[in-house]
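Biologist: I have this model open on my screen and I'd like a close look at a single part of it. Please pick one and walk me through it slowly, then show me how the rest fits around it.

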Amino acid sequence: MKPKFGVVVFPGSNCDHDAYYSLKKVLGYEVDFLWHKSTDLKHCDVIVLPGGFSYGDYLRTGAIARFSPIMNSVISFAENGGYVIGICNGFQILLEAGLLPGIMLRNKSLQFICRDIYLSIENRETIFTKEAVNHKTIKIPVAHGDGNYFADEETIRSLEANNQIVFRYSSAEGEVSDEFNPNGSVNNIAGIINKKGNVLGMMPHPERSCDPVLSKTDGAVIFRSIANSILN
Amino acid sequence: MFKVEVIIKRRPSILDPQGKAVEKGAQHLGLTNIKNTRIGKYIEFTVDTDDKAAAQKEVDEYCKKLLSNPIMEDYEFTLKEYSE
């Protein structure tokens, strides 16, 4: 049995094909696209909300996509324990949908950032990171203008206390400090998980670092973790 | 029918890097008294009903659920009778 991933396609998604390619051609999983106007999740085991600029980022990032017909199905799926990963714009959609707490502000520098960064893996017990035992950090790219994660103090305290912060921006060695924070995110937060542990949102793009031809493959460990969580 | 004007403001506790950058432009223009620039949104639309209470309720829901995000924004709106 192969795990089946469903990649949602919103108007303005632009990493949907990257995700499809990496999951299917590089990692060999089953993948199907899920159209935003549909409500059918096609019996997928994992839902991927890809990066891009859904609905032109109008109003706020993810604000309109969150009300797409497919999102009602994704929200029910997540509430019933289904695995969901939101990458970049997908993370922003999860925040707007209330599946994860907080919000994204414009990058502190006001500039769009597109480069490789290092992530310290703060929680290796999740279904999304448990294969990362040999990785101190992972190197994957970010590409965003609104990646400055913000939540009120109480929310941050609760995320910290419940081990929900999965990734932080760091040095290659895993040092977390302002120097390695590309966008101004509170506490260098790059990725968080919900309390139940089945919904992950992350700003960096693991699907862009899977294919060895691109000379970096650290992102694959996240998809392998999910796949093995389903198979076991 | 009602004509609605909505103003969405960033909460005072939320930094506004865009406002800061724009204010730098004011400094470059020599407008040295300009302080505390903060950028929000103005949205206008009509509501196709004559029931004011119903219109207010619908606008409020629109503002709360879609036009603003309560984590970082506050909204206010005005409702005026309107005919095309």
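Modeller: Here is a walk through the sheet of chain A, working outwards from one of its strands.

A bit of housekeeping comes before that. This is a predicted model, so local features need pLDDT of at least 70 and side-chain atom pairs count only at pLDDT 80 or more, while totals for chains, interfaces and linings use all residues. Residues are numbered from 1 along each chain as its sequence is written, and chains are lettered from A and ligands numbered from 1 in the order in which they are written.

The sheet is open and has nine strands, in the order β2-β1-β3-β4-β11-β10-β9-β6-β7 (chain A), with mixed pairing. Strands here are DSSP runs of E with at least two residues, helices are runs of H or I with at least four, and both are numbered from the N terminus. Two strands pair if DSSP finds at least two bridges between them. At the edges sit β2 (30–35) and β7 (137–144) of chain A, each pairing on one side only. From one strand to the next, the twist averages 25°, with axes fitted as lines to C-alpha atoms (for helices, over the stretch in contact) and angles running from 0 to 180 degrees between N-to-C directions.

Now zoom in on β11 of chain A, residues 199–202. V199(A) and G201(A) point one way, L200(A) and M202(A) the other, and all are buried. Buried means 20 or more other C-beta atoms within 10 Å of a residue's own, exposed means 12 or fewer, and partly exposed is in between, with C-beta atoms placed from the backbone. In a regular strand the side chains alternate between the two faces of the sheet.

β11(A) pairs with β4(A) in the parallel sense over four bridges, and I85(A) stands opposite L200(A). With β10 (residues 189–193) of chain A, the pairing is antiparallel over three bridges, and here G191(A) faces M202(A). β10(A) and β11(A) make a hairpin with five residues between them, and G197(A) in the turn has a positive phi of about 90°.

Over by the edge strand β2(A), β1 (residues 4–9) of chain A pairs with it in the parallel sense over six bridges. There, V8(A) has L34(A) as its bridge partner.

A helix belongs in this picture too. In α5 (220–231) of chain A, the buried residues are A220(A), V221(A), I222(A), F223(A), I226(A) and A227(A). Their cover includes α1 (16–26), β3 (46–49), β4 (83–87) and β7 of chain A.

Stepping back, chain A has five helices and eleven strands. Its radius of gyration, taken over C-alpha atoms, is 16 Å, close to the 17 Å that the globule rule (2.2 Å times the number of residues to the power 0.38) gives for 232 residues, so chain A is as compact as a globular protein of that length. Of those 232 residues, 54% count as buried.

Chain B runs β-α-β-α-β from the N terminus. Its radius of gyration is 16 Å, well over the 12 Å from the globule rule for 84 residues, so chain B is more spread out than a compact globule. Buried residues make up 13% of it. Finally, ten residues of chain A are in contact with eight of chain B, contact meaning C-beta atoms, placed from the backbone, within 7 Å.

Note on methods
The expected span of a helix is 1.5 Å times one less than its number of residues. Two residues are in contact if their C-beta atoms, placed from the backbone, lie within 7 Å.
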